[in-house]
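Subject: Structure handover and findings

Dear colleague,

Please find below the structure that I am passing on to you. I would be grateful if you could read the notes that follow alongside it.

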Amino acid sequence: MSKDRKPLTQLAQAGRKPEWTGMPGQPGAIVNPPVWRASTILYDDVAHLRSAARSSTHERLFYGRKGTPTAWSLADALTEMEPGAEGTMLFPSGVAAIACALLSVLKPGDQLLMVDSAYDPTRNFCEQMLKSYGIETIYYDPLADSVSIDHFINENTRAIFLESPGSLTFEVQDIPAITALAKAKGIVTLLDNTWATPFFFPALSHGVDITILACTKYIVGHSDVMLGSVIATPDHFPRLRQTAYLLGQMVSPDDAWLASRGLRTLGVRLNQHQESALQIARWLSDQPEVARVLHPALPSCPGHEKWARDFSGSSGLFSFVLNGGDEAARAALIDGLAHFGIGYSWGGFESLALPVDPARYRTATTWQAEGPLVRLQIGLEDPADLIADLDAGLARFRKARG
Ligand SMILES: Cc1ncc(COP(=O)(O)O)c(C=O)c1O
């Protein structure tokens, strides 16, 4: 965030240029850029059409696929949240954003270093798409220091992908050390920053080159839109934009508008998610049915000291390991919850509980735990209700475990 405006002020003001919120020559302006829907853009004459085709299309009406002020406003606001950013490209989902970001930096023959705790569709993209293009992916331990990562680097290593904390097991990576190593070796770093968002972790200020958000989660915040973004430094943005254009990537103005609406309240929502999640995580830590709580702001989380050093806050997603029990005992806990939905995704206003099995997605490391894992997304409900619900759930777990 810029130095002269605090983050909450910036979230309220970013992306509201007068040319997007007012009519030229008329007094006044509306607060939010409206939904500008367009495929065709009309030109005055042939000369105008030809000159438009020769000029930059950045924040200029050209053809619907290049966007309208509704999407530009969201992209501009996200760029403002990341000091050091040149620009932001928007995508129809977080996975589309990850795929395009990787394609913008890799070519056949390259090697990619991928954190072993990465979101499994990110791994699938590497294994099922990049591999077929002759790009090799090597997985590394999320807790690896830069010396261990250096051992994997060879002359073909082009990029290092980080996800910190990992969205199932919450290991926090040493981002400044890894980005410093990468810079010294001319390697590009990409970070999936969906958990913290730039509000709690401005990634480019910590040396990351390209940062990805599944805006579907906290940016939208209301569980009703799929959207992704990639924010990049001046060195990487032109290639990113070109790749996104070549792949025909764009977002609907309605979705961009809903995401901009979500962004206005990102700060207050994240602060509340943080407070409620911490209260519940601390309570869970004291329960005998719980072996470990994996929440970056708690010392029990691997990499906690990196979180304390680098992040300004924690969001509402974390996991806990049950003390013994099997699949059926875990299901007994989750199935009877009254205030938690059971479903994928996270970052919305509502709480969710999910059974997760990280061992299935690991190749460079092994996941070992005292019992099954449950991931919680703590929403904006009263934490006392959520604790009472979990308390009853742990009693069901105890009974089913025997
Ligand atoms: C960490 C992380 N990154 C990326 C994504 C992908 O986002 P989307 O569902 O919008 O494709 C997800 C979705 O759950 C996620 O958890």
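The notes below deal with the ligand and its surroundings, and then with the enclosed space in the protein.

Please bear in mind that this is a predicted model.

Ligand site

The ligand sits in the largest pocket. Around the ligand there are 14 residues, of which Gly94, Val95, Asp192, Thr216 and Lys217 come nearest. Three side chains may be of interest to you for their polar atoms. In threonine 216, an N or O atom of the side chain is 2.6 Å from an oxygen atom of the ligand. For tryptophan 346, the corresponding distance from a side-chain N or O atom to a ligand oxygen atom is 2.9 Å, and for tyrosine 119 it is 3.2 Å. The ligand taken alone exposes 390 Å², and the protein buries 92% of that area.

Internal cavity

How many cavities of 30 Å³ or more does a search of the whole structure find? The search finds 1. The volume of the largest cavity is about 60 Å³. Its lining is formed by Asp116, Ser117, Ala118, Asp120, Leu168, Thr169, Pro358, Tyr361 and Arg362. Sorted by class, the lining comprises 4 nonpolar, 2 polar and 3 charged residues.

Where does the largest cavity lie with respect to domain 1 and domain 2? Domain 1 (8–37 + 68–264) and domain 2 (266–401) both contribute residues to the lining, so the largest cavity lies between them.

Yours sincerely

Methods
Residues numbered from 1 in each chain as written. Predicted model: local features only at pLDDT ≥ 70, side-chain atom pairs only at ≥ 80, totals over all residues. Heavy atoms only, no water. 1 Å grid on protein atoms, 1.4 Å probe; cavity = no way out; pocket = protein on both sides within 12 Å on 5 of 7 lines; lining within 4 Å. Points joined across faces, edges and corners; volume = space filled by probe spheres on them. Nonpolar A, V, L, I, M, F, W, Y, C, P; charged D, E, K, R; others polar. Domains from an automatic or database assignment. Near = heavy atom within 4 Å. Polar contact = N/O pair within 3.5 Å; in protein donor to acceptor, adjacent residues only side chain to side chain. Areas by Shrake-Rupley, 256 points an atom, 1.4 Å probe, with all protein chains shown as cover. Sits in = over half its atoms within 2 Å of the grid points.
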